[in-house]
Amino acid sequence: MDSVTSLDLLPGWPFARLRIAEDGRLLQLPAFAPADFETHAPAYPPAGNGWILEPALRVIHANGDTSGDLRVVEAAQEGNLTTVVLRDPVYPFEVTLSFLAHPEYGIVEQWATIVHEEEGPVTLTHFASSFLTLFGDSFHLTQFHGDWGREATVAEEALGPGIKILDSKAGVRTNQFRLPGFLLSVDQPLDEEDGKVLAGTLAWPGNFQFLFEREPAGEGRRDRTMGVRTGMNPFGSEYRLRPEETFMTPRMVWCVGTQGAGEVSRRIHRWARTHVIREGDRVGPILLNNWEATYFNFDAPKLHSLFEKAADLGFETFLLDDGWFGRKYPRNDDTQGLGDWMPIQEKIGGTINDLALVANQCGVRFGIWVEPEMVNPKSELYEAHPDWVIVQRNRDYELRRHQLNLDLSNPEVEEYVFSVLDTILSESPNVDFVKWDCNRYVTQPGSFHLAPEDQSSLFIRYPRAILRVFQRLASKHPVVQLMLCSGGGGRVDYGSLAFAHEFWASDMTDPLHRVDIQWGYSYLYPARVVAAHVTRWGERPIKFGVDVALSGRFGVDLDLDQLSPEETETLRRGIETAKAIRDVVQLGDQYRLLRTESCSSVMFVSPDQERAIVFVYPVADSPATTLRLKGLLPEAEYDVREINGETGFAPERIRLGDDLLIPARPAFASLVLELEAI
Ligand code: DGJ
């Protein structure tokens, strides 16, 4: 082996440069460090043999020893995939680090694979997907926190000495309080257009942890570097790894740029649409969902009426939400029936496929809501399988929304969850859309199935099982589109999105708040996957709700039978607009233009840059403002005209770099502008 071997994962980038030291240790040059920076950091430090900060890995060997050491035994680069095999010189324990680069997007995906040949199981207490070191004078962390109805709230802070952790311990519905990603701005606060930025997101529907640790300052210390450990949350998740098993971490996705947050967001959007999201290069359907229109109160005549009106207005898909199932315990509210996936005849008038056929005959496709990972204790499923739930066996069980989580660490339950959907879809070939809901997190993590010494692997086995279920369903039912939902945006990770087309961003559909929620998601997710529906929440003007929904995957949750003639025409026009612009919004590049107390503005530019759509959302009375448009062709002149209604905006012509004057506007007098190159 050469004394120091270089492995540049993204050639030419200030990021992900590995070195193999003479003694075989794998080192990294901190991201954004100058090329001649001498001090290398370990690339994947194990605990227990010299390293005293947070480790990438901590293992308790079969004999109880707690010391880890890893030396490179093999390193290979094949195309964009770099693989480094590390082995402990003393124990038969091996970690393979994999790095998959996507140079055109400034993206590297990283994961670790752990195997061993010790005499019995080893226990893994820490198991990072990635351990990255950054170089800089200051580090500003942007996270996206929240709760039900307040998802993706942007918050930024400068990181000081010590440790900062962003995580989820919810087990399931893990994004209820935080998106599984962040942005780090180096040397300055996060700016939309300027500065070194690193975005990270973990492709994993389970617990995650992002840990940031500034190196201790002091003489001879690396006080300008910071370690970032990312991966599954080690909290409550010690994993006994048997000699014959392979332990693979989820992928950590890194995206790097030097031109601010906007650049890394657009890079992630393009990469995700091209390489991750199922059919990410196809626009989503214009959808009518009955949840906020009817809640649990519907019957076949009501649904038929909605189908007819939906078809007349130009909707493409009708989505039947919660409340269509249950036998002994009909699901007429959320207290019972969950788990009993038999249609209620009186409510849907036949089989699911009979109903889907009626929808198709009216002229709309048909989708259905399910929540197969959950059960109401008041259900036939629970009566038959009380040991299929996640609870602590010696305690009273704790209900959330009157329901319990099913234990997907049990292969029998995993098979059942798959079969729920597989049966519905196999028996109902006219169903081509599914909304997969998941309305509670885990508060008593215990499994009747797992052995005592494996109980703490529940948080790892469950997400692995759910991903397998998603994968099997996607391959067996390839034409069925999938919306992820989790009591709003509780499941939005790129691991799940590999098998899904979109996610329900939030139950908060008041467009006033949706503007902010969709803004927050846009840092890590393209508009293609952000389901955005018009409802009556907030009692805002319908046109404002339509304009806000037009900047995501457009849909509606209104009772079409209750609309006034004016509202009907506003919706009809909104649907026509959605059809005309969705290719630009969902498949184009997004620019966040403006966010003040009174007004937000976002812009989408088509891949050929010939067309663009600008949304202006006054969330309060808003003074005149200028917008600096972005992403346009440098040489072209564009016609600017208002679409989706006439609010008095005078058309004009504009070039890249010009300011576009938006006159003062009252609250909610939103504006949609279309730009076309002349
Ligand atoms: C929570 C979801 O976020 C809603 O959209 C709706 O599907 C309900 N569950 C149904 O119970």
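Colleague: What covers the buried residues of α7?

Modeller: Their cover includes two strands, β24 (365-370) and β27 (431-436), along with the helices α5 (352-362), α6 (380-384) and α8 (458-476). Contact means heavy atoms within 4.5 Å, and the elements are DSSP runs numbered from the N terminus (helices: H or I, at least four residues; strands: E, at least two). Bear in mind that this is a predicted model: local features need pLDDT of at least 70, side-chain atom pairs count only at pLDDT 80 or more, and totals for chains, interfaces and linings use all residues. Residues are numbered from 1 along each chain as its sequence is written, and side-chain values use heavy atoms, leaving out hydrogens and water.

Colleague: Which residues of α7 are called buried?

Modeller: Among them are V413, Y416, V417, F418, L421 and I424, and also the acidic E414 and D422. Buried means under 20% relative accessible area, exposed over 50%, and partly exposed in between (1.4 Å probe, protein chains only).

Colleague: How do you know that the span of α7 agrees with its 17 residues?

Modeller: The expected span is 1.5 Å times one less than the number of residues. For residues 411-427 that gives 24 Å, and the end C-alpha atoms are 24 Å apart, so the two agree.

Colleague: What makes N410 a cap for the N-terminal end of α7?

Modeller: A side-chain oxygen of N410 lies 2.9 Å from the backbone nitrogen of E412. A polar contact is a pair of N or O atoms within 3.5 Å; within protein, one must be able to donate a hydrogen and the other to accept it, and residues adjacent in sequence count only if both atoms are side-chain atoms.

Colleague: Why is D187 called partly exposed?

Modeller: Its relative accessibility is 35%, so D187 counts as partly exposed. D187 sits in the loop between β15 and β16, and has a positive phi of about 75 degrees although it is not a glycine. Most residues other than glycine have a negative phi.

Colleague: What joins the side chains of E193 and K630?

Modeller: A polar contact of 3.0 Å. E193 belongs to the loop between β15 (181-186) and β16 (196-203); beyond its neighbours within four places in sequence, E193 also touches Q259 and G260.

Colleague: And at the ligand, which polar distances do you find for D322, K435 and D507?

Modeller: Ligand oxygens lie 2.7 Å from a side-chain N or O atom of D322, 2.8 Å from a polar side-chain atom of K435 and 2.5 Å from a side-chain N or O atom of D507.
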